[in-house]
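Colleague: I would like to learn how to read a few features in a protein model. Could we work through some cases together?

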Amino acid sequence: MTARAQRRMLNEVKKNPRVSARDLKKSLAHANISVDESTIRKTLNKNGVHGRTPRRKPLLSRKNIAARLKFAKEHLDVPQHYWQNILWTDETKVELTFSVPTWAIPVKKVSTSHCS
């Protein structure tokens with residue numbers, strides 16, 4: 001695999017970490033670069049990009065769905081200015097589907113050798 005093809009592949013993974021090796025193979029094929037999926041994985045691993053499955057988030061229970069719907073119906077006719085005084089502190093991410101594998105892109109560490 002050429003250095004140019006490697007850069008192209010790494011840039012695509014940085015743009016979309018959830019892209020699969022199969023999709024990378026297809027996009028490289030559009031650029032007339034023929035590469036096997038295992039070669040793509042090996043190349044990404046050599047460059048510090050490893051395949052990972054993201055942490056699963058809890059699914060909504062029937063009880064939570066009912067409580068959210070009840071809250072929404074009760075506050076349907078509340079004027080817009082009412083919500084400006086509300087402090088929203090719950091930032092829980094809830095997914096209704098299963099996780100999709102993603103590529104873990106390494107973060108460059110900042111050198112602290114010059115600091116005392």
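Modeller: We will take helix faces, then salt bridges, then one polar contact. Keep in mind that this is a predicted model.

Colleague: Which residues of H2 are buried?

Modeller: Start with the general idea. An α-helix has 3.6 residues a turn, so residues three or four places apart point the same way. In this structure, the buried residues of H2 are Ala21, Leu24, Ser27 and Leu28. Viewed along the axis of H2, these buried residues fall within an arc of 120°, so they line one face of the helix.

Colleague: Which exposed residues does H2 carry on the face turned away from its buried side?

Modeller: That face has Arg22 and His30, both exposed. Just after the helix, look at the backbone: H2 is followed by Asn32, whose phi is positive, near 60°.

Colleague: Is Ser27 buried or exposed?

Modeller: The cut-off to use is this: a residue counts as buried under 20% relative accessible area. Ser27 has 16% relative accessibility, so it counts as buried. Its place is in helix H2, residues 21-30.

Colleague: What does the side chain of Ser27 join to by a polar contact?

Modeller: It joins the side chain of Glu12, at 2.9 Å. Apart from neighbours within four places in sequence, Ser27 is in contact with Arg8 and Glu12.

Colleague: Now salt bridges. How many are there?

Modeller: A salt bridge needs a side-chain nitrogen of Lys or Arg within 4 Å of a carboxyl oxygen of Asp or Glu. By this rule there are four salt bridges. One of them is between Arg22 and Glu37, with the closest N and O atoms 3.7 Å apart. This pair links distant parts of the chain, since Arg22 is in helix H2 and Glu37 in helix H3, 15 residues apart.

Colleague: Which residue in helix H3 also forms a salt bridge with Glu37?

Modeller: Arg41 does, with the closest N and O atoms 3.4 Å apart. Arg41 and Glu37 are four residues apart in helix H3, so about one helical turn separates them. Together, Arg22, Glu37 and Arg41 are linked in a network of salt bridges.

Colleague: How do Glu37 and Arg41 stand for burial?

Modeller: Glu37 counts as buried because its relative accessibility is 18%. Arg41 is partly exposed, at 38%. Leaving aside neighbours within four places in sequence, Glu37 is in contact with Ala21, Arg22 and Lys25.

Colleague: Are Lys70 and Glu74 buried or exposed?

Modeller: Both are exposed. The side chains of Lys70 and Glu74 meet in a salt bridge of 3.9 Å, N to O. They are four residues apart in helix H4, and are therefore separated by about one helical turn.

Technical notes
Residues numbered from 1 in each chain as written. Predicted model: local features only at pLDDT ≥ 70, side-chain atom pairs only at ≥ 80, totals over all residues. Heavy atoms only, no water. Contact = heavy atoms within 4.5 Å. Helix = DSSP H or I, 4+ residues; strand = E, 2+ residues; numbered from the N terminus. Buried < 20%, exposed > 50% of the residue type's maximum accessible area, 1.4 Å probe, protein only. Polar contact = N/O pair within 3.5 Å; in protein donor to acceptor, adjacent residues only side chain to side chain. Arc of directions from axis to C-beta.
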